[in-house]
Amino acid sequence: MSDGLVPEGGPTRPAPTITFQDLSDTPAQTPLDGSTPVEQVSGVLNENSPSSTFSFELVDMDPAQPLYQPVKPHWFYCRRIESKDLWLPFSREDSERLEQACTTICVTGGNEEVMVAVEGERYDVRVLERQRYAVYWDQRPSEVRRCTWFYKGDKDTRYVPYPEEFSNSLEEAYMIAVTLDEWKRKLEFPSGETVILHNPKLFMQYQPITLQDEWVSSPSEQTRPRTVKRSVDNITAEIPDGEPEKIDHLVFMVHGIGPACDIRFRSIIQCVNDFRSASLSLLGSHYRRGQEEGRVGRVEFLPVDWHSALHGDATGVDQDIQRITLPSISRLRHFTNDTLLDLFFYNSPTYCQTIVDTVASEVNRLHSLFKQRHPEFTGAVSVVGHSLGSLILFDLLTNQKIGSGETEMDEGHRGDPSLLTCDVLEEAMCRMGLQEHLATLQRVDLDLDSLALCDDTDLAALGLPLGPRKKILNFIQKRRLLHEGQQGMVLLAPGLQAPEDPSPLESLGQQSPGTPPRQRPLLRGQSSTSAVDYEYFDVGIGQTNGGIAKGQVSINYPQLAFHPQAFFAFGSPIGMFLTVRGLKRIDPNYSFPTCKNFYNIYHPFDPVAYRIEPMIVSEVDLEPMLIPHHKGRKRMHLELKESLTRMSTDLKNNVLGSFRTAWQSLVRMPAPSLPQTEEGETSAERSMIEIEETACAAVRKESKADLWTKILEWPKSPSFIHYFQGVGEPPESTGSAEEEEGHQVQVGMLNGGRRIDYVLQEAPIESFNEYLFAIQSHLCYWESEDTALLLLKEIYDKLGVAFEQPPQ
């Protein structure tokens with residue numbers, strides 16, 4: 001089709017005038033060979049062109065002509081990828097909302113613009129303007145179409161929708177043909193295109209010869225038509241499922257160096273879109289029961305872009321760097337200036353302040369805008385940082401302060417203040433969304449005062465589920481703190497007493513200069529009676545030396561508008577930067593002032609990632625926690641590698657055990673049974689070395705001869721079942737003792753005493769060459785389903801929703 005008929009990404013022009021011609025009696029004009037359109041189609045069908053992927057479907061005509069049924073439209077939007085326009089369908093829910101809005105405008109005849117929120121309310125569509133606008137980030141608007149007719153040529157991988165007015169003209173011609181039962185109708189357009197309606201299921205479009213490429217010499221290629229389809233149901237379009245309206249958790253994702261985030265040089269917006277899609281798919285497979293019961297909605301991921309602000313016209317840093325850049329190897333130098341220099345900018349007093357301010361202000365802006373568009377949202381908020389973005393978030397969270405009016409660290413957000421001032425049980429339960437459990441509490445004559453005296457055991461005895469119990473206990477705790485006037489205190493994990501309100505310096509383990517020493521607060525856990533000293537933290541990452549962090553430039557850290565529930569670091573160099581700043585170790589008692597959980601997630605081949613746990617527990621060699629595969633347990637090649645290692649160890653232990661038993665039998669033989677020497681001593685005392693050498697030689701000979709026999713007989717041994725049991729079974733039935741022991745190890749307070757370092761499992765192809773996949777491993781987190789599942793599991797565990805392993 002010519003460019004004048006289907007404009008690429010621009011507004012649609014009025015439909016051209018169509019001339020109808022009945023081809024039932026009159027043969028169609030063919031400038032090449034005089035054949036009819038049907039003969040042309042047959043010729044193309046019989047032609048075997050190696051360069052053509054075009055095919056037709058032979059249709060059996062029904063003797064009874066069906067009545068005309070209006071076509072059901074579906075809405076599409078245009079996305080430009082690599083200088084090409086790609087038309088993608090909206091979900092069925094979004095398409096129905098757009099169609100309802102369009103129908104309302106047509107019925108009322110109004111000229112006022114109507115805005116429809118689509119794609120999880122991350123985009124707004126202006127129905128009259130036919131444009132799609134991003135809500136949370138800067139992006140060029142994209143064209144939107146109400147699509148009914150589609151075409152596909154030889155070089156097209158998917159069907160392309162016609163402009164709306166042109167589709168309306170085709171639909172009108174189709175309605176006439178069906179009503180009058182007159183087919184083989186030829187529709188000619190002023191631009192030269194021709195569409196022939198051969199029968200109710202076969203429609204072809206022919207392009208004018210004058211618009212063909214001059215290099216095309218084959219007549220068959222010049223006349224090769226395009227396939228035309230009516231309705232989205234007749235094309236192979238993957239219509240996405242609609243996203244759940246309920247949002248359980250909000251996550252902000254901060255990128256690292258450079259404008260590109262993955263190996264395909266995509267932006268942070270596209271990478272976060274893929275991560276969001278992976279999480280939606282995992283929720284449907286691993287939390288299906290929770291979705292069916294209405295306890296699981298979705299997790300919203302929003303990108304945070306700071307690179308464009310740093311390299312924009314406001315700072316002028318790109319122009320300054322360009323003036324001093326050498327002209328040689330220009331592409332490499334441009335890549336260095338655009339990406340690697342971000343590391344040096346972050347260590348600069350001027351540009352570090354710009355980066356930190358941009359990240360904090362962008363996160364706060366997105367949080368405020370999200371709350372405006374989702375006023376019913378009551379979930380918690382978490383942050384994710386990749387590469388340098390994780391270091392930026394680490395420094396931000398390290399320098400946060402406890403606000404005088406912030407009392408909801410456990411939930412990670414500011415809730416409704418009126419909820420804490422409720423004096424009636426009915427009102428409090430309604431505001432918490434627990435109306436269905438109100439009758440249970442009223443049955444035992446509970447009011448707000450008596451409810452405040454209940455603990456988790458009492459609520460469980462009443463038959464309340466885990467989720468409502470957690471909400472009620474959290475409400476009781478915050479209401480108690482409000483009544484006691486302890487708004488400025490640091491909230492700790494359940495079972496810990498809060499210390500006196502420390503100053504900003506003392507909250508990080510440092511005492512303000514010139515202030516008298518305060519009494520050390522004692523924090524006691526449920527099962528611990530030892531005092532923890534929170535006064536002399538020498539962590540090296542807090543505000544020291546008059547507000548200058550150790551090893552960092554002197555900047556002012558802005559404050560976030562919320563308290564994050566968790567901080568996830570992807571491929572993070574935090575450990576390396578802390579070491580370079582002069583930090584030897586992190587005190588086990590140190591934690592972020594406003595964030596309780598910290599997860600350091602990395603790929604084993606990531607050249608940028610570093611560990612955190614050895615800086616906290618240096619005396620114990622802890623292996624990182626292995627992230628399970630999203631399909632269950634370990635990857636097969638890792639299981640096989642571990643099993644072979646255990647098998648060789650077992651063989652070695654069996655050989656040494658046999659030698660040890662034989663040696664002990666020789667040594668323990670009674671002395672009279674041994675021959676006497678000339679000096680009257682036993683031969684065991686004089687020939688101990690000879691016996692040992694002889695036994696070792698025999699063992700070596702036996703091991704060489706029987707090694708392969710033992711290996712071949714290994715599958716028949718009982719230990720084989722022990723080592724290989726559970727391969728391919730659900731992880732809940734095959735949890736190893738080492739994994740359980742790893743979960744029980746206490747590693748500081750950065751993650752509330754839980755493990756911090758989590759390592760992904762490399763793919764089988766990656767295990768062949770670590771260096772070949774090194775760069776790719778640093779950029780793999782955006783499409784890693786294992787990483788997304790770990791985030792979902794940590795998020796929904798706190799909401800009391802059980803994890804489900806789908807059947808293999």
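Let me begin with one contact, in which the side chains of Arg122 and Glu243 meet in a salt bridge, with 2.6 Å from N to O. This pair links distant parts of the chain, since Arg122 sits in the loop between strand 4 (115-118) and strand 5 (123-126), while Glu243 sits in the loop between strand 13 (226-230) and strand 14 (247-254), and the two are 121 residues apart. Before I go on, please keep in mind that what we are looking at is a predicted model.

As a reminder for those new to the topic, side chains of opposite charge can pair when their charged atoms come close. How exposed are the two partners here? Arg122 is buried, because its relative accessible area is 4% and buried means under 20%. Glu243, at 25% relative accessibility, counts as partly exposed.

Glu243 has another partner as well, for it forms a salt bridge with Arg298, where the closest N and O atoms are 3.4 Å apart. This second pair again links distant parts of the chain, with Glu243 in the loop between strand 13 and strand 14 and Arg298 in strand 15 (residues 298-304), 55 residues apart. Arg298 counts as buried, at 2% relative accessibility. If we then ask which residues are linked in a network of salt bridges, the answer is Arg122, Glu243, Arg276, Arg298 and Glu300.

The structure holds 29 salt bridges, and I will show you one more of them, in which the side chains of Lys186 and Glu188 meet at 3.1 Å, N to O. Here Lys186 is buried, with a relative accessible area of 6%, whereas Glu188, at 28%, counts as partly exposed.

Now to the cysteines. A disulfide is a covalent bond between the sulfur atoms of two cysteines, and this structure holds zero disulfides. Cys78 counts as buried at 7% relative accessibility, and Cys454 counts as buried too, at 16%.

Let me turn to the helices, starting with helix 2, which covers residues 92-108. Its 17 residues should span 24 Å at 1.5 Å a residue, and the C-alpha atoms at its ends are indeed 24 Å apart, so the expectation and the model agree. Which residues of helix 2 are buried? They are Asp94, Ser95, Leu98, Glu99, Ala101, Cys102 and Ile105. Because these residues cover an arc of only 160° around the axis, they lie on the same side of helix 2. On the other side of helix 2, Gln100, Val107 and Thr108 are exposed.

Helix 3, residues 164-180, also lends itself to this check, as its 17 residues reach 24 Å from the first C-alpha to the last, close to the 24 Å expected at 1.5 Å a residue. Its buried residues include Phe166, Leu170, Tyr174 and Val178, and among them are also the charged-type names Glu164 and Glu171. Just after helix 3, Asp181 takes a positive phi of about 55°.

Finally, let us move to the surface, where Phe265, Ile329, Leu332, Phe335 and Leu340 form a nonpolar patch with about 540 Å² of accessible area together. One of these residues, Leu340, is found in helix 9, which covers residues 330-346. Leu340 is partly exposed, because its relative accessible area is 38%, and partly exposed lies between the 20% cut-off for buried and the 50% cut-off for exposed.

How values were computed
Residues are numbered from 1 along each chain as its sequence is written. This is a predicted model: local features need pLDDT of at least 70, side-chain atom pairs count only at pLDDT 80 or more; totals for chains, interfaces and linings use all residues. Side-chain values use heavy atoms; hydrogens and water are left out. Patches are made of residues with over 30% relative accessible area and no salt bridge: like charges are joined within 9 Å, nonpolar side chains (Val, Leu, Ile, Met, Phe, Trp, Tyr) within 5 Å. Accessible areas come from the Shrake-Rupley method with a 1.4 Å probe; for residues, only the protein chains shown count as cover. A salt bridge is a side-chain nitrogen of Lys or Arg within 4 Å of a carboxyl oxygen of Asp or Glu. Helices (H or I, at least four residues) and strands (E, at least two) are DSSP runs, numbered from the N terminus. Buried means under 20% relative accessible area, exposed over 50%, partly exposed in between (1.4 Å probe, protein chains only). A disulfide is a pair of cysteine sulfur atoms within 2.5 Å. The expected span of a helix is 1.5 Å times one less than its number of residues. The arc is that of the directions from the helix axis to the C-beta atoms.
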